[in-house]
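Reader: I am new to this structure and would like to learn how to read it. Could we go through it one feature at a time?

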Amino acid sequence: MSGRGGGLLVAGTTSDAGKSVVTAGICRWLVRQGVKVAPFKGQNMSLNSFVTREGAEIGRAQAMQAQAARVEPSALMNPVLLKPGSDRSSQVVLMGRPVGEMSARGYHGERQAALLDTVVGCLEELRGSHDAVICEGAGSPAEINLRRTDIVNMGIARAARLPVLVVGDIDRGGVFASFFGTTALLAPEDQELLAGYLVNKFRGDVSLLEPGLDMLKSLTGRPTYGVLPFQHGLGIDEEDGLRVSLRGAVRESVVAPPVGDDVLRVAVCAVPLMSNFTDVDALAAEPGVVVRFVDRAEELTDADLVVVPGTRGTVKALEWLRERGLARALARRAAEGRPVLGICGGFQVLGERIEDEVESRSGVVDGLGLLPVRVRFEVDKTLARPVGEALGEYVEGYEIHHGVAQVLGGEAFLDGCRVGAVWGTHWHGSLESDGFRRAFLREVARDAGRRFVPAPDTSFEALREEQLDRLGDLVERYADTEALWRLIESGAPRGLPFVPPGAPS
């Protein structure tokens, strides 16, 4: 293919229908066929973000999809990122840089429509340098209350003439009604772009589903492009930390048997507005390491390591820790020499003092006082891809924060410090560096009194590649790839609008 590359929009009947993983799977399938492909999401709402090599902040899911496509992540792949700070407002990140805080009403009523040209321009630039661009939608294209200013679902599809594939999660139930209802609610001009459907997370005998798929086609005039089976462990780099289940939830990964005599238990404090909770995925990938998210002080009792993760609301997280008794439990752990790790916002709350006139505008607030650190929030956001050494091992990471830390003592640790068994750093992703992760876990095991031995050959990069290949395998084995490629290559279909039974003509 030459000139302007082909394209496809992967939409969904709901949030969490599987758009992100299906997009990644299509990207991996295509690149294995020799197609130069890139992912794209015009507007993303997520607290899980990543920093590209040029210093731009984008959604972590798009960085994962870029890895699936074997291309370098770029701000072009996610031109608009919304980072919620409350139920009603978000920080707007445009082309990788924050441009302000806006209410939901203000953004959808004023700003969003004005960004369509920017979003379309980024998509067209990617299409000019790739054979295909696989776009991910957001939520549902049938959110008719938001259609007028939409730039991520049918708005971008219509502007760029993209065919649309709608993904439905059959594990939730009601997938046929969701497909039908989504199609019926679209305007006729949008219905013309809707090519068909993809069933996700199916369990059982697919022959029992086929009569329903035939009926759906007869009702809507649109085929189903495949039925993907349910598989555990595919929820990599989710977009929304708020959806992490508490009550002892384990990150979706198979806990392999330990190499040594003991397992290592990691408790992650599920702070409000938790961001980049994917930092602990590398721990969960280690044989013998069990990771769970907790929100009660008693759940820290048997933990060998407690992680206080990043957050979009540092002061709010600090208040939450105190209200739930977790602050006292962390202080007891520090006094007893039991391991605690704070990452980014979690590092900041472990310090002595936070001065915040930017994020919460709370002024000066006392931290937990477990590390000799004082933090001042600045208007300019730090976005960086640092490299360094810790515990005698090479480390890579990325930084996304407004808080600037003044380290007043302790032992140097990356950009932060360590006092006894309490560690703090702004570096996200540091635990993905294999040698450093093993060295850190050996320190944790020693301080926790565990006979835990890190596996000598666990490669987080290799495990991630295996996951992405599994996504590609799903698409290759269970989707109609020939029809899918014709759709991507030929551009937008001209489907026939339909009138649902009983609707006024």
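Author: Start at the end of a helix. In this predicted model, helix α13 is followed by G449, whose phi is positive, near 70°.

Reader: How many residues does α13 have, and how far does α13 reach from its first C-alpha to its last?

Author: α13 covers residues 434–448, which is 15 residues, and reaches 21 Å between its first and last C-alpha atoms. That is close to the 21 Å expected at 1.5 Å a residue.

Reader: Which residues of α13 are buried?

Author: The general idea comes first. An α-helix has 3.6 residues a turn, so residues three or four places apart point the same way. In α13 the buried residues are F436, R437, R438, A439, F440, L441, E443, V444 and A445.

Reader: What do the same readings give for helix α1?

Author: Helix α1 runs over residues 19–32, and its 14 residues should span 20 Å at 1.5 Å a residue. The C-alpha atoms at its ends are 20 Å apart, so the expected and computed values agree. As for cover, 13 of the 14 residues of α1 are buried. After α1 comes G34, and the phi of G34 is positive, near 85°.

Reader: How many helices and strands are there in the chain?

Author: The chain has 15 helices and 28 strands. Buried residues make up 59% of its 505 residues.

Reader: What radius of gyration would a compact globule with 505 residues have, and what does the chain have?

Author: A compact globule with 505 residues would have a radius of gyration near 23 Å. The chain has 23 Å, so it agrees with that rule. Along its principal axes, the C-alpha trace spans about 70 × 50 × 45 Å.

Reader: Next, cysteines. How many disulfides does the count come to?

Author: A disulfide is a covalent bond between the sulfur atoms of two cysteines. Here the count comes to zero disulfides.

Reader: Why is there no bond from C344 to its closest cysteine sulfur?

Author: Distance settles it. The closest cysteine sulfur to that of C344 is in C417, and because the two are 15 Å apart, they are too far for a bond. Starting from C417 leads back to C344, at 15 Å, again too far for a bond.

Reader: Are C344 and C417 buried or exposed?

Author: A residue under 20% relative accessible area counts as buried. C344 has 5%, so C344 is buried. C417 has 0%, so C417 is buried as well.

Reader: How should I read empty space, and how many cavities of 30 Å³ or more are there?

Author: Rolling a probe the size of a water molecule over the atoms shows where empty space is left. In this model the count comes to two cavities of 30 Å³ or more. The largest cavity has a volume of about 190 Å³. It is lined by 18 residues, and those closest to its centre are T311, R312, E359, I400 and H401.

Reader: Which elements give two or more residues to the lining of the largest cavity?

Author: They are α12 (345–349), β22 (373–384) and β25 (399–407). β25 gives the most, with three residues. By class, the lining of the largest cavity divides into three nonpolar, 11 polar and four charged residues.

Reader: What lines the second largest cavity?

Author: The second largest cavity, with a volume of about 30 Å³, is lined by V22, I26, L165, L198, V475, A479 and L484. Its lining has seven nonpolar, no polar and no charged residues.

Reader: What about pockets? Which residues lie nearest the centre of the second largest pocket?

Author: A cavity is a space the probe cannot get out of, whereas a pocket is open. The second largest pocket holds about 650 Å³ of space. Of the 24 residues that line it, F50, R385, E396, E432 and E461 lie nearest its centre. At least two lining residues come from each of α2 (60–69), β24 (393–396) and α14 (460–478), and α2 gives the most, with four. The lining of this pocket has 10 nonpolar, four polar and 10 charged residues.

Reader: Last, a loop residue. Where does D171 lie?

Author: D171 lies in the loop between β10 (164–169) and α6 (175–185). With a relative accessible area of 38%, D171 is partly exposed. D171 and G310 are 139 residues apart in sequence and 31 Å apart in space, C-alpha to C-alpha.

How values were computed:
Residues numbered from 1 in each chain as written. Predicted model: local features only at pLDDT ≥ 70, side-chain atom pairs only at ≥ 80, totals over all residues. Heavy atoms only, no water. Expected span 1.5 Å × (residues − 1). Buried < 20%, exposed > 50% of the residue type's maximum accessible area, 1.4 Å probe, protein only. Disulfide = S-S within 2.5 Å. 1 Å grid on protein atoms, 1.4 Å probe; cavity = no way out; pocket = protein on both sides within 12 Å on 5 of 7 lines; lining within 4 Å. Points joined across faces, edges and corners; volume = space filled by probe spheres on them. Nonpolar A, V, L, I, M, F, W, Y, C, P; charged D, E, K, R; others polar. Rg over C-alpha atoms; globule rule 2.2 N^0.38 Å.
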